[in-house]
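Let's take a stroll through this structure, one piece at a time. Have a look at the picture first, then read on.

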Amino acid sequence: MRVQLIAQEVWNGLRRNLSVVVSVVLVTFISLSFVGAAILLQMQITQMKGFWYDRAQVGIYFCGPVDATATCSQTAATAEQVDAVRAVLESVAIAPYVADVEFEDRELAYQHFMEQFGGTSSAEFASPETMNEALWVRPTAPQDADLIREATSALPGVLEVRDQRALLEPIFQVLSTASLVAIGIAVLMLVAAVLLISTTIRLSAFSRKRELGIMRLVGASNRFIQTPFIIEGIVAALVGAVLAAGAVVATVHFLLQGYVAPMLQTIAIVGLDDALVVAPVLLGIGVLFAGVAAAVAIRRYLRI
Amino acid sequence: MIRFDEVSKTYSRKARPALDGVSLEILKGEFVFLVGASGSGKSTLIRMVLREETPSSGEVHVLGQRLKALPNRRVPFFRRNLGVVFQDFRLLGNKTVYENVAFTLQVIGKSRAFISEAVPDVLKIVGLAGKASRLPHELSGGEQQRVAIARAVVNRPPILLADEPTGNLDPSTSAGIMALLARINEGGTTVVMATHEASIVDEMQKRVVELDAGRIMRDEAHGSYRRHLGDDDELAPRALEEETA
């Protein structure tokens, strides 16, 4: 009896304030979509970091005949100097952090350079002699790169130690900023959604003032009076949340996996499984925020 | 049943108290008229019994409960023991007579079986057995007030409070309503009724409590509306009870 009565009250409330309920649905939809985008961006960053950092190497470049720095004096590094660096990498202190070491001589460096820059103007001045010998070190874990750099950068004959992770930083910075912006917009929109939900519930309660007065008079409990309003807010927000979840899943499936991923095959892109993790989070946030907003909004009408 | 001990109520905006040291005891099964001019404190007194208001000082006991000690969340359950009728009926316009009465029972969680038995019973008592499916606007004022009374007593409360129940009705219709209230009273329900209508009070010959400026001026077991027959006190205007505003 009471379940039916409450369901009926909820339905009446939603129908009576249809236009406001629609705006609640839309605002919740948009705000939760931004929340979803922010979460997905964070997932994307984590995934890319995992992907790239595993492949990122530390390059130990040796002095060439033209280099003049603190450690180079315009003479190419000798084979002994290269071996000394290798010895450091193989020493007991450093070896656990080194997974793999590869030597790149001038010819090989030239080849790699031409593969990348062949045909450009900088390639015209390149020759094997202008290249530097290098040791490519793959650290056991990405953060071990710092240790390897510290251990080798001051050794004689070493021109420079370059951590490839540094090259990726700007990309992650851009993605992080985008994610922060999405979170910012999401928070603003969520505030708007919460305010809109509480206004809607107040409006709904105001239009049912007479019923509420009679309910209180005949001794309806506060819980009984407030339940329909809370459910009303939750239903409206839930519709918005379902739309947002649908939008997130559809974007990932059709846009990212269907269109972007085939173009960028070297980059791992968030997949449907990630989107399916985000969807219930959005539903949860929607229900929680709407329920709390409605419960606070209706309190004034419960004062005895 | 109902006991007031030195109850005073002051509203911050007004200098004069709405109730000023009222002590009153109403026993089980009594029929009590509250009379007095507008603003004399009748409605405030009824609202205190309902615990819509709390006293500034003094104690109100209803049905053995000290209302000051009653926590807010228990108030709805306390109110289930009180039936209330108002001058303006307060029916739900979009619900039928049956639904209006059943609504009370639904919101306090009575079973469907109980409702389908209790509602026709009470409609028969108030004389509306044939009009269960009418909407309020299809009924006369007297009939609407009968619906309100049916709603107030369907849960068989020990106390029925009536604030000017005949205020909007013509004299013959009022007489019918009074007969109904008297019958409910005979069934054992304590009735407290605030009114302006001298003829009704005089005819019923029940206990009369007269309030003036928040004080009890008179409390007679079988009283009439006025203290002395032929007293030329003006009848107070009905409309605009300041204290309820």
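## Meet chain A

Let's start with a head count: chain A has 10 helices and 4 strands. Keep in mind that this is a predicted model. If you walk along chain A from the N terminus, the elements come in the order α-α-β-α-β-α-α-β-α-β-α-α-α-α.

What about its overall dimensions? Along the principal axes, the C-alpha atoms of chain A fill a box of roughly 100 × 40 × 30 Å. The radius of gyration of chain A is 31 Å, whereas a compact globule of 304 residues would come out near 19 Å. As for burial, 34% of the 304 residues in chain A are buried. Contacts in chain A also reach far along the sequence: of those with a separation of 6 or more, 82% link residues 24 or more positions apart.

## The sheet in chain A

In what order do the strands of the sheet in chain A line up? The 4 strands sit in the order 2-3-1-4, forming an open sheet with antiparallel pairing. Strand 2 (98-104) and strand 4 (158-163) of chain A are at the edges, and each has a single partner strand, so one side of each has no neighbour in the sheet. On average, neighbouring strands of this sheet are turned by 15° against each other, direction ignored.

As a bit of background, strands of a sheet pair through backbone hydrogen bonds, either parallel or antiparallel. Now let's go through the pairs here. Strand 2 of chain A is joined to strand 3 of chain A by 6 bridges, and the two run antiparallel. Within that pair, A:Asp100 has A:Arg138 in strand 3 as its bridge partner. Moving along, strand 3 of chain A is also joined to strand 1 of chain A, antiparallel again, through 4 bridges. There, A:Tyr61 has A:Ala134 in strand 3 as its bridge partner.

That leaves the pair formed by strand 1 (residues 58-62) and strand 4 of chain A, which is antiparallel with 5 bridges. A:Val58 is found opposite A:Asp163 in strand 4 of chain A.

## A helix across the strands

Which helix lies across the strands of chain A? Look for helix 6 (residues 145-152) of chain A: it lies across strand 1, strand 2, strand 3 (134-139) and strand 4 of chain A. Relative to strand 4 of chain A, helix 6 runs at about 175°.

## Where the chains touch

Chain A isn't on its own here: 15 residues of chain A are in contact with 18 residues of chain B. On the chain B side, helix 2 (75-79) and helix 3 (97-107) are the elements giving two or more residues. Helix 2 of chain B gives the most, with 4 residues. Sort the chain B side by residue type and you get 7 nonpolar, 5 polar and 6 charged.

## Nonpolar cores

In soluble globular proteins, nonpolar side chains tend to be buried together. The largest nonpolar core here has 71 residues, and the members touching the most others are B:Leu34, B:Val101, B:Ala150 and B:Leu161. Helix 3 of chain B gives the most to this core, with 7 residues. Neighbours within four places in sequence aside, B:Ala150 is in contact with B:Val101, B:Val122, B:Leu123, B:Val126 and B:Leu128.

There's also a second, separate core of 49 residues, and its members include A:Phe29, A:Ile39, A:Phe229 and A:Ala297.

Methods: Residues numbered from 1 in each chain as written. Chains lettered and ligands numbered in written order. Predicted model: local features only at pLDDT ≥ 70, side-chain atom pairs only at ≥ 80, totals over all residues. Pairing = 2+ DSSP bridges. Axes fitted to C-alpha atoms, helices over the stretch in contact; angles between N-to-C directions. Contact = placed C-beta atoms within 7 Å. Nonpolar A, V, L, I, M, F, W, Y, C, P; charged D, E, K, R; others polar. Rg over C-alpha atoms; globule rule 2.2 N^0.38 Å. Buried ≥ 20, exposed ≤ 12 C-beta atoms within 10 Å, placed from the backbone. Core = buried A, V, L, I, M, F, W, Y, C linked by C-beta atoms within 7 Å.
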